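Reader: I have just opened this entry and would like to understand the reasons behind the labels that are attached to it. Could you take me through them with care?

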Amino acid sequence: QLLGNQDHIKVELEKLKKTHDEQQQKLEGRVLALGKELQEAKGAVGDSRQRLAEQSAVLLTCQGRLQEVEADNSRLQLRLKELNKEYRSRLAQYVRDVANYMDSKASSVTGHSKAPAGQGAMKNFVDSMLRDIRASYKCREEQLARAARGYRKRMKDLAKKHENLLIAYGLQREQIRSLGSSAMDCGPAELHFSITDPELLTNSSRELNRLREEKAKLEMQLQELQKGLDLMGGHDPNELLCPRQLDEEGWAEVRKKIREFTLNTQEELEQERSQLLTRAVVAEEQVSELQGYIDQHLAR
């Protein structure tokens, strides 16, 4: 019976072979289509990266111009403050001269017998008006000084929170890199979001930015090595593991340095902050005393 069914078995085998060939062709077509889509996606990613690089260059240029404009604005504000101060002093002197002239004229007209009654009336009025003006200016300057101190404190607090967020972001990138594959996108480096304003940077922030810059360079080197390892797929695995192990040791060393630096400088920064706050309070008291001395004795 088996020998008699050989023709039927051959027909079934031909059908199976034909079905297998059709499925193989479909799979090959699907693979080609996916490869084409992958190439298009890579091209789109390259174009987006190029546009991002161009926009980053434009952003850096605009930031440089903005810093120049802010510096010019600060110089102009300082010049305006000096001119306002000079104008106030000249105006006060002019008003005093007018008061003295009016008092002298009134005393010469009324005669020497009636001069003491009206002499100095205009001068006393002008002195009272100038005292009121100086008091209002002083009050306004104190309000602006308090607002400026509050603004600086808020900016420092925001900078500190931003630094903590950057540290958490860096730890999250490291966790994603350790759990995921090498091709997974972990987001931009921490250096891309670092604060560059010199007024907000402290010694620790500058040191952290320097470490982040070194880390970004190591990331670029790691990506280049991974690309090289992908191209060297036919070599000995033991030879390919050596650079990767070295890179992992380098990353571990960088993470260790950052962790040690953060832990060692936290207490020092708190002490420095408390000392600076104490010095600021003492300086404010000295400034208030000097301002009171100037208001009382400089006019005389």
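What follows is a conversation about how the labels in this structure are reached.

Reader: What kind of model is this, and how many helices and strands does the protein have?

Author: This is a predicted model, and the protein has 5 helices and 0 strands. Read from the N terminus, the order of elements is therefore α-α-α-α-α.

Reader: Which residues does the record call a coiled-coil region, and how far does that name reach?

Author: The name comes from an unreviewed UniProt entry, where the annotation "coiled-coil region" covers residues 66-93 and 201-228; annotations of this sort may be inferred rather than shown by experiment. What the model adds for residues 66-93 is that the span is 100% helix and 0% strand, with its end C-alpha atoms 40 Å apart.

Reader: What makes the contact of Glu-82 and Arg-79 a salt bridge?

Author: The rule asks for a side-chain nitrogen of Lys or Arg within 4 Å of a carboxyl oxygen of Asp or Glu. For Glu-82 and Arg-79 the distance from N to O is 3.6 Å, which lies within 4 Å, so the pair counts as a salt bridge. Both residues belong to helix 1 and, being 3 residues apart there, they are separated by about one helical turn.

Reader: Why are Glu-82 and Arg-79 called partly exposed?

Author: Buried means under 20% relative accessible area and exposed means over 50%, with partly exposed in between. Glu-82 has 43% and Arg-79 has 46%, and because both values fall between those two limits, each residue is called partly exposed.

Reader: How many salt bridges are there by this rule, and which others can you show me?

Author: The count comes to 5 salt bridges, among them the one in which the side chains of Glu-86 and Arg-90 meet at 2.7 Å, N to O. Glu-86 and Arg-90 are 4 residues apart in helix 1, so about one helical turn separates them; Glu-86 is partly exposed at 36% relative accessibility, and Arg-90 is partly exposed at 46%. Another salt bridge joins Lys-153 to Asp-157 at 3.4 Å, N to O. That pair lies in helix 3, 4 residues apart and thus about one helical turn from each other, and Asp-157, at 30% relative accessibility, counts as partly exposed.

Reader: What makes Val-98 and Met-122 fit to be members of a nonpolar patch on the surface?

Author: A residue of such a patch needs over 30% relative accessible area and no salt bridge, and nonpolar side chains, Val and Met included, are joined within 5 Å. Val-98, in helix 1, has a relative accessible area of 45%, while Met-122, in helix 3, has 33%; because both values are over 30%, the two residues pass the accessibility part of the rule. The patch consists of Val-98, Tyr-101, Met-102, Met-122, Phe-125, Met-129, Ile-133 and Tyr-137, which together have about 740 Å² of accessible area. Two or more of these residues come from each of helix 1 (6-110) and helix 3 (121-179), and helix 3 gives the most, with 5 residues. Met-122 also has its C-alpha atom 5.3 Å from that of Ala-99, although their positions lie 23 residues apart along the chain as a separation in sequence.

Reader: How do you know that Arg-88 sits over the ring of Tyr-137?

Author: For Arg, the rule requires CZ to be within 6 Å of the ring centre and within 35 degrees of the ring normal. Arg-88 lies over the face of Tyr-137 at 4.2 Å from the ring centre, so the distance part of the rule is met. As for rings paired with one another, the structure holds 0 aromatic pairs.

Reader: Why is Leu-208 called buried?

Author: Leu-208 has a relative accessibility of 10%, and because buried means under 20%, the label follows. Leu-208 is placed in helix 4 (residues 203-231), and its C-alpha atom is 9.3 Å from that of Leu-191, which is 17 residues away in sequence. Of the 300 residues of the protein, 13% count as buried.

Conventions
Residues are numbered from 1 along each chain as its sequence is written. This is a predicted model: local features need pLDDT of at least 70, side-chain atom pairs count only at pLDDT 80 or more; totals for chains, interfaces and linings use all residues. Side-chain values use heavy atoms; hydrogens and water are left out. Patches are made of residues with over 30% relative accessible area and no salt bridge: like charges are joined within 9 Å, nonpolar side chains (Val, Leu, Ile, Met, Phe, Trp, Tyr) within 5 Å. Accessible areas come from the Shrake-Rupley method with a 1.4 Å probe; for residues, only the protein chains shown count as cover. Buried means under 20% relative accessible area, exposed over 50%, partly exposed in between (1.4 Å probe, protein chains only). Rings of Phe, Tyr and Trp (its six-membered ring) pair if their centres lie within 6.5 Å; planes under 30 degrees apart count as stacked, over 60 as edge-to-face and the rest as tilted.
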